[in-house]
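Me: I have a chain to look over before going back to the bench. Please put it up and take my questions about it one at a time.

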Amino acid sequence: MSFHLFGIRHHGPGCARSLRTALQELAPDLVLVEGPADAQEIMPLLNHPHMLPPVALLIYRPDQPRQARYYPLSAFSPEWQALRYALQEGIAARFIDLPLALRFGSQAQEAEREEETSLSPCVPNEEEQEPTVEIANDPLSLLSFAAGYPDHELWWEQQIEQRQNAQGLFDGIREAMRALRDSRPPRNEEDAWREAHMRQMLRRARSEGFQRIAVICGAWHLPALEKLDAFSEADDRGLLQSLKRVNVAATWIPWSNDRLTYASGYGAGITAPGWYELLWSAPAQAGLRWVIRAAELLRQEGFDVSTANVIETVRLAEALAALRDASAPGLVELQEAIQSVLCRGETVPMRLIEQRLVIGSRMGKVPPETPAVPLQRDLEQQQRRLRLKPSPEIKELELDLRNETDRARSRLLHRLRLLGIPWGEPQAIAASKRGTFHERWKLQWQHEFALLIIEANVWGNTLESAATGFALDAAEHYEQPAQLTELLDQVLQAELPAALERLLERVHASAALASDVRHLMDAMPALARVARYGDVRGSDTQQVRTVVEAFFARTLISLPSACLSLDEEAARTLLTSIQHMDSSILTLADEDLHKEWCALLERLSEEERPHPLLRGYFCRLLLDRQKMETATLSKLARRQLSPAVPIEEAALWLEGLLSGRGQRLLALDELWYVLDQWLQHLITEQFMLLLPLLRRAFQGFTDAERQAMGEKVRYLYRPRPEEGSCDAVGLDEKRARLVLPILSRLLEVPLHAD
């Protein structure tokens, strides 16, 4: 009996190819792979014909789905190749790493200990206070630095990934790891547990009588496993006995190339999964095919790339490799050559190549037999029926709700959003398609959604029942009318009739208990959308109309008193709520409600008791609705900007008036004269005090509107000449006489003295 240990890096085509060759030469009767032992039951799915990498092993706690771990595998992962080899050849294979059931249990124990000691002071040990040297996540990076490579990815690619001859590779890795781990303990307590469990699994395999055992593990763990007898079995068993076990579930989920990168937050990530994929599939022609792919991509995007450019790029990459004493062009040489020749030195097309080729967007598939919660199965069925394929690429989706398929797609996306799974993000509608029948979405599938779906299964086994269950639970916990009406809007868009009646009851109850009119006004926008556009989805909006009328009636009664005795901060908060109510009135397009609303605004704008900021804003709303005459506004402006009014109050009234767009104000000459007179009567100290307030009042205008206002001021101060005089048309008589002789000759008319 003998162990054959192979130290690997988790993702690398050269390492995977060398391992596959070594296993074929060894012909083991047992393959042990570093991977969580909880996944042993679903390991055979790796040999399923519909299992296409990249995929990820997902292990989670069913009672706490957010506590989970992903283990991504690609076609060029050594673990994938080792397991596929064993399953295809009928060789026994096992995962030997510490079960996640014990890791999660140990984390729960640690959390309990922290909670117990959180109230007592904790003094760190002297050893904990000393600075320590942290080994990199990829220990082999230390070898690259020792070899003089500042970039460990470059060293790894040249020494391992582009390696054609596997002979001696794993012996060299083993020797290097011995040197790195000489007199070094495990990096942390979890590493010690993992290595103890892997040694236990090796002892078990030896006791079962296997003769040739292949062990594939991370290179860092090699020294802890190769000297099996140097570690006490009793010590390893004792180390693991203290760990608490929890229930876990395991499954396979699709993964994508972009989530294999460091940038995605994956600790064992790589920089160029697209390039590694090509190195795996065509190692002898990887450089040539890479340049061809880049040329094809640039041509698709409209760049002028010829065959001669491709040939020149390949030659340049080979020359760069020769200058750097490399056996073949690597990704660095190829990218430099592509930027110089195909991209003509520009960086913009290179970013496109890095995104589409260096990283790529390939997404794997898992077979239907893969374990999944019922909600996941229901979602997959609807995705197939509606032809909505999950993809990590951003895609635009235009929906016409008069079409049943598009309406079902919209319903699916809204239900997922209600459950906190934002596969689709609503987008603004193009001007040519404005209306209640159109929706525009931006779709992008995230792998985290798999866990969110598992978590959402607690609400129901189908998408409709889960969304309904979540909405009913949220309705019981929400207290503010605005929260409930927003939920009501989401429920109607998701078409969940089972939740509608209870939600309306909660809206009525919360409105009856609401003592602040702001809560009612903040709740109106969602109600207005439902009442105006709910019929697009066939919803009965009569009940919602009743709620709208009740909210509006209470607002008419309560708003006048709410505007009194406010400081500036409270006035600004109330102003936001008033804006919500005003936009809701416009959405409803109800003539009676609009007339009552304007009557209330007119009354409040003329009273002295409401806060000046609100009075000015009421004037602005009436002006925009064409419900206030220019003479009336000028009269109010003279009163509000008179010397008898404190300048701070005058500035706040002016700020309220100037809210919104400036086009309407540009035509009001009389208002500008009143404003100018007020400013001219301010002394320097008052003006300097008001300057920040005035700037804030004008900050909402666009640059074009500000420029037009500047021109307006200059126009107001032009002298007004008497009608009929030369100055009335801006004529300079002395200069005009100089032109008369030329005009006389051109027109062939005599020039008279007068």
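Reply: The answers below refer to a predicted model.

Me: How many helices and strands does the chain have?
Reply: The chain runs to 754 residues, and buried residues make up 48% of them. Its secondary structure comes to 33 helices and 10 strands.

Me: Of the contacts in the chain with a separation of 6 or more, what share comes from residues 24 or more positions apart?
Reply: A contact here is a pair with heavy atoms within 4.5 Å. Among contacts with a separation of 6 or more, residues 24 or more positions apart account for 75%.

Me: Which helix gives the most residues to the largest nonpolar core?
Reply: In soluble globular proteins, nonpolar side chains tend to be buried together. The largest nonpolar core here has 144 residues, and Trp275 and Ile578 touch the most other members. With nine residues, the helix that gives the most to this core is H22.

Me: Which residue of helix H23 does Ile578 touch?
Reply: Not counting residues up to four places away in sequence, Ile578 touches Met521, Leu559, Trp597, Leu614, Tyr617, Phe618 and Leu621. The buried residues of H23 include Val544, Phe551, Leu556 and one from that list. The residue named in both places is Leu559.

Me: At which residue does H23 bend?
Reply: H23 covers residues 542–562 and reaches 29 Å from its first C-alpha to its last, close to the 30 Å expected. A bend of about 35° is nevertheless present, and a proline, Pro560, follows within four residues of it. The bend is at Leu556.

Me: Which helices are included in what covers the buried residues of H23?
Reply: The residues to be covered include Val547, Val548, Phe552 and Thr555, which are buried in H23. The cover includes helices H20, H21, H22, H24 and H25.

Me: Why is helix H28 described as largely enclosed by the rest of the structure?
Reply: A residue counts as buried when its relative accessible area is under 20%. In H28, residues that meet this include Ile647, Trp653, Glu655 and Gly656. The helix is largely enclosed because the buried residues number nine of 11.

Me: Is Leu675 buried or exposed?
Reply: Leu675 lies in helix H30 and touches Leu641 and Leu654, not counting residues up to four places away in sequence. Leu675 and Leu654 are 21 residues apart in sequence, with their C-alpha atoms 9.0 Å apart. The relative accessibility of Leu675 is 12%, so it counts as buried.

Me: Which residue forms a salt bridge with Asp229?
Reply: Side chains of opposite charge can pair when their charged atoms come close. Asp229 is exposed, with a relative accessible area of 65%, while its partner counts as partly exposed at 32%. The pair links the loop between helix H9 and helix H10 to helix H8, across 23 residues. With a distance of 3.3 Å, N to O, the partner is Arg206.

Me: What separates Arg237 and Glu233 along helix H10?
Reply: These two form a salt bridge, the closest N and O atoms being 3.7 Å apart. Arg237 counts as partly exposed at 39% relative accessibility, and so does Glu233 at 42%. They are four residues apart in H10, so the separation is about one helical turn.

Me: Which arginines are in the salt-bridge network that includes Glu34?
Reply: The count for the chain is 39 salt bridges. The network links Glu34, Asp97, Glu190 and Asp191 with arginines. Those arginines are Arg69, Arg103 and Arg194.

Me: Which residues does the cis peptide bond join?
Reply: Most residues other than glycine have a negative phi, and most peptide bonds are trans. In this cis bond omega is about 5°. The second of its residues is found in the loop between strand S2 and strand S3. The bond joins Pro53 and Pro54.

Me: Glu495 has a positive phi although it is not a glycine; is it buried or exposed?
Reply: The phi of Glu495 is about 55°, and its place is in the loop between H20 and H21. Arg387 also has a positive phi of about 55°, but Arg387 is exposed at 62% relative accessible area. With a relative accessible area of 15%, Glu495 is buried.

Definitions and conventions: Residues numbered from 1 in each chain as written. Predicted model: local features only at pLDDT ≥ 70, side-chain atom pairs only at ≥ 80, totals over all residues. Heavy atoms only, no water. Helix = DSSP H or I, 4+ residues; strand = E, 2+ residues; numbered from the N terminus. Expected span 1.5 Å × (residues − 1). Bend = angle between axes of the 7 residues up to and from the residue. Buried < 20%, exposed > 50% of the residue type's maximum accessible area, 1.4 Å probe, protein only. Salt bridge = Lys/Arg side-chain N within 4 Å of Asp/Glu carboxyl O. Core = buried A, V, L, I, M, F, W, Y, C linked by side-chain atoms within 4.5 Å.
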